[in-house]
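Let's take a walk through this model, starting with its charged pairs and ending at one of its helices. Have the sequence and the coordinates open as you read.

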Amino acid sequence: MLSAEIESAQRLVRTDAYQMSIGEIVSMYAQKELIIDPEFQRLFRWDIGQKSKLIESLLLGIPIPSIFVFEKDNGTWELIDGLQRISTILEFMGQLHSKDKGLHSPSILEATKYLPSLHNAVWERSENIPDISLDAQQPLDKTQQLTIRRGRLGVEILKRPSDDQTKYDLFQRLNAGGTEANAQELRNCIMLMVNDNYFRAVKRAADQPSFRRVTSVTEEQVERQRHVEMAVRFLVHTCVPYDGKLDVEEYIDEGIVSLAQTGNFTAAEDVISRTFTLLDDIAGENALRRFQNSTHSGKVGLVALEGIAVGVAKNLDAILALGPQDSKTFVKHKAESFWSQPQIVGFTSPGLRGTIRIQRTVPFGEVWFRP
């Protein structure tokens, strides 16, 4: 069985490998033969110290890791690993495009351990570099520029016969190690790969005041995409049945890919908006907090998201059919009494695996909030 699975999976992945110069890669990007989604650049952030160390490595001839690209149907390459390395080089050269199709301001470096003279180093002097005068900028000479252009790195190519799911899996596995991006930031990138309109619809819904209020996310959590993570988990639990086999995180990953592939972003935004507007109306920031002794307390956790928010969503049309006031009264009563049900103990036991929890919380909530 395992041998057959290995053989089948291996057929999904066809790769090739090249050694290319930095100059060739920059030229491919300029000719739109190498594609970097601009929104990825916002999700993966290197500070100036990390950027300076990369340029230092190129100047010293220190090898840098291979990049991975996906060969699209039209023959162009889509970068799926190596984003910050390539973006850093392009930005330093003043060649990196921003989301609005303009160019990012060229970067200016800081001193490194082996090359302290990289302080204020630039590819070439530019008035588009903020906060530093032209006189203070230290441009590389032609020899140093050629050293960078002639620097080589490996390019691993995932060939066209590989399916889209393989591309998403490879992207996530490659980027999950050694990067500061968290799981949801990686999911955001995968959603962008699959369907950028779907990603933007989910993010719009997660950015709504009612959603952020009910989920009680802080500004720091928003920066790390916690609100989008909550929206994604809510959508997957609401729309994608769980068979109990996959790890929860893999289930969320595969679920959001399948939803994005269907492309129904209007429905996704609508169910988030209507469900969390209703929850916001009944209790605001307390809607998903534990209710005991006539008061709300504690943090908003996954049990509440899966049991209450998803339970409401799965019955939303029937609940709203009760009428404006009766629907609010019904949800308020059921949300508060949810916490006193004996089944709740089985949702919050110490050491309970997520795979077991979601097989309890989601079905219970669906029944509990049925009018």
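Start at Asp196, which makes a salt bridge with Arg200, with 3.1 Å between the closest N and O atoms. Here a salt bridge is a side-chain nitrogen of Lys or Arg within 4 Å of a carboxyl oxygen of Asp or Glu. Before going further, note that this is a predicted model: local features need pLDDT of at least 70, side-chain atom pairs count only at pLDDT 80 or more, and totals for chains, interfaces and linings use all residues. Residues are numbered from 1 along each chain as its sequence is written, and side-chain values use heavy atoms, with hydrogens and water left out.

Back to the pair: Asp196 and Arg200 both sit in helix 9 (residues 196-207), 4 residues apart, or about one turn of the helix. Helices (H or I, at least four residues) are DSSP runs, numbered from the N terminus. Asp196 is partly exposed at 32% relative accessibility, and Arg200 is partly exposed too, at 26%. On this scale, buried means under 20% relative accessible area, exposed over 50%, and partly exposed in between (1.4 Å probe, protein chains only).

Helix 14 has a pair with that kind of spacing: Arg274 and Asp270 are 4 residues apart, about one helical turn. Their salt bridge has its closest N and O atoms 3.1 Å apart.

Now for a pair that reaches further. Asp280 forms a salt bridge with Arg213, the closest N and O atoms being 2.8 Å apart. Asp280 belongs to helix 14 (residues 265-283) and Arg213 to helix 10 (residues 209-215), so this pair ties together parts 67 residues apart in sequence. Asp280 counts as buried at 15% relative accessibility, while Arg213 is partly exposed at 39%.

Salt bridges can also join up: Arg226, Glu229, Arg233 and Glu249 are linked in a network of them. Across the whole structure, the search finds 13 salt bridges.

Last stop, helix 4 (residues 48-60). Its 13 residues should span 18 Å at 1.5 Å a residue, and the end C-alpha atoms are indeed 18 Å apart; the expected span is 1.5 Å times one less than the number of residues. At the N-terminal end, Asp47 acts as a cap, with a side-chain oxygen 3.0 Å from the backbone nitrogen of Gly49. After the helix comes Gly61, with a positive phi near 75°. Among the buried residues of helix 4 are Lys51, Leu54, Ile55 and Glu56.

Notes: Helix = DSSP H or I, 4+ residues; strand = E, 2+ residues; numbered from the N terminus. Polar contact = N/O pair within 3.5 Å; in protein donor to acceptor, adjacent residues only side chain to side chain.
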